[in-house]
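I opened this notebook to record what I looked up in the structure. The entries run from single residues to the whole chain.

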Amino acid sequence: MRAARYHRYGDVETLVVEQAPDPHPGPGEVRIRVAAAGVNPVDWKVRSGAVREALPVDLPAIPGRDAAGVVDEIGPGVSGVQIGDRVFGLGGVTGATAELAVLSAWAIAPDAWSDEQAAAAGLASVTALGGLRALGDLRGRTLLIEGAAGGVGSAAVEIAVAQGATVIGTASERNHAFLTSLGAVPTTYGAGLAERLADLAPQGVDLALDTAASGSLADLVAIVGDPARVSTVADHMGAGRLGVQVANAVNDPTLLAEAAELGRQGRYTPRVERTFALDEITKAHAYGEEGHVQGKIVVVI
């Protein structure tokens, strides 16, 4: 199969497209013929070697954790899915940006989603749902999402709105119209946030979700008044210091199924800012590393 790979840790120039051995699913896994794969910040953090102590990989490695495509091989012990089903989901820390990929958690992709949208949903939706679940019932609550325009943040906005929250999202001004289209009230991040929120939510902010790891956790705790009402999916060190709840991205098929059901109801549509061909993998990673992406970057296989 053709795959993007890197043979050493480093910058985007380590990425090449070449022939690689076909993977095969083990117990509880399926293999898909990949239509599209997501590009996530963890991909370039792993590729660069910045997180090698926590997330070591065997080299050469194929970047990518989430993908969408058609099931073409099923491992032992798997039920509820058939060869030919169009699914989206998650595999290991690496392995998705290739013609074939093995998934350990998946759900049937809604018909309304394109392959690119389905590929954008895996990691973003489970991360967003994990962060929101840590905050409890959202109905009737005012929720602040820090970093609301990115892949996880934009998923969290739509899902929280679907669950009955009033959502205020922080982003740069160029992304405010995007947040409004998702159902959030936009505002800028950084100095003066508490004052801006006093105007936008005179009754106060009940809950906060951090997806940005921008160093704002202490401010979020001060805004909502209790670290137990703040969760983060990005700032583990800050959370430990402040007593904030941490939600890790997990390969949970129940979360993927929940996201898919919201998709079928028309209440969650994964947002794709830009797509790249497999042969443009270096450009895809470079674009992501520049930051300020609306939604997700996707590589079309």
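I take contact to mean heavy atoms within 4.5 Å. I note at the outset that the model is predicted.

**Entry 1: serine 172**

I began with serine 172 and found it in the loop that runs between β9 (166–170) and α4 (176–182). Leaving aside neighbours within four places in sequence, I listed Tyr189 and His292 as being in contact with serine 172. Is serine 172 buried or exposed? The relative accessibility of serine 172 is 17%. Buried means under 20%, so I entered serine 172 as buried.

**Entry 2: serine 216**

I then turned to serine 216, which I located in the loop between β11 (207–210) and α6 (217–224). With a relative accessible area of 9%, serine 216 is buried. Which side chains make polar contacts with the side chain of serine 216? I recorded one such contact with the side chain of glutamate 146, at 2.7 Å. I recorded another with the side chain of serine 214, at 3.4 Å.

**Entry 3: alanine 213**

I stayed in the loop between β11 and α6, where alanine 213 also has its place. I looked up the backbone there and noted a positive phi of about 50° for alanine 213, although this residue is not a glycine. Most residues other than glycine have a negative phi, and I marked the position for that reason. Alanine 213 counts as partly exposed, because its relative accessibility is 38% and the partly exposed class lies between 20% and 50%. Not counting residues up to four places away in sequence, I found that alanine 213 touches Ala234 and Asp235. I also looked up glycine 49, which is 164 residues from alanine 213 along the chain; their C-alpha atoms are separated by 19 Å.

**Entry 4: proline 60**

What is the geometry of the peptide bond from leucine 59 to proline 60? I found it to be cis, with omega near 0°. Most peptide bonds are trans. I placed proline 60 in the loop between α1 (41–48) and β4 (66–74).

**Entry 5: alanine 68**

I followed the chain into strand β4, where alanine 68 has its place. Alanine 68 has a relative accessible area of 1% and is buried. Setting aside residues up to four places away in sequence, I noted that alanine 68 touches a set of residues including Ile32, Arg33, Val34, Ala35 and Ala36. Val87, Phe88 and Asp115 are also among the residues that alanine 68 touches. Methionine 1 is 67 residues from alanine 68 in sequence, and I read a C-alpha to C-alpha separation of 16 Å for the two.

**Entry 6: leucine 100**

I found leucine 100 in strand β6 (residues 100–103). Leucine 100 counts as buried, at 4% relative accessibility. Its contacts, not counting residues up to four places away in sequence, include Met1, Asp22, Pro23, Asp72 and Gly95. Arg31, Ile32, Arg33 and Val34 are also touched by leucine 100. How far apart in space are leucine 100 and histidine 24, which are 76 residues apart in sequence? I entered 8.9 Å, C-alpha to C-alpha.

**Entry 7: histidine 285**

I placed histidine 285 in helix α9 (residues 281–290). With a relative accessible area of 1%, histidine 285 is buried. Not counting residues up to four places away in sequence, histidine 285 touches Val12, Leu15, Val39, Asp43, Trp44, Arg47 and Pro63. For histidine 285 and glycine 89, 196 residues apart in sequence, I recorded 20 Å in space, C-alpha to C-alpha.

**Entry 8: the whole protein**

I closed with the chain as a whole. I counted nine helices and 15 strands in the secondary structure of the protein. The radius of gyration is 19 Å, close to the 19 Å that the globule rule gives for 301 residues, so I entered the protein as being as compact as a globular protein of that length. The C-alpha trace spans about 55 × 40 × 35 Å along its principal axes.

Of the 301 residues, 50% are buried. Of the contacts between residues at least 6 apart in sequence, 65% join residues at least 24 apart. The protein exposes about 12,400 Å², of which carbon and sulfur atoms supply 50%. I recorded 23 positive and 35 negative side chains, with the centres of the two sets 0 Å apart.

Terms used:
Residues are numbered from 1 along each chain as its sequence is written. This is a predicted model: local features need pLDDT of at least 70, side-chain atom pairs count only at pLDDT 80 or more; totals for chains, interfaces and linings use all residues. Side-chain values use heavy atoms; hydrogens and water are left out. Helices (H or I, at least four residues) and strands (E, at least two) are DSSP runs, numbered from the N terminus. Buried means under 20% relative accessible area, exposed over 50%, partly exposed in between (1.4 Å probe, protein chains only). A polar contact is a pair of N or O atoms within 3.5 Å; within protein, one must be able to donate a hydrogen and the other to accept it, and residues adjacent in sequence count only if both atoms are side-chain atoms. The radius of gyration is taken over C-alpha atoms; the globule rule is 2.2 Å times the number of residues to the power 0.38. Accessible areas come from the Shrake-Rupley method with a 1.4 Å probe; for residues, only the protein chains shown count as cover. Lys and Arg count as positive and Asp and Glu as negative; His and the chain ends are not counted. The place of a charge is taken as NZ of Lys, CZ of Arg, CG of Asp or CD of Glu.
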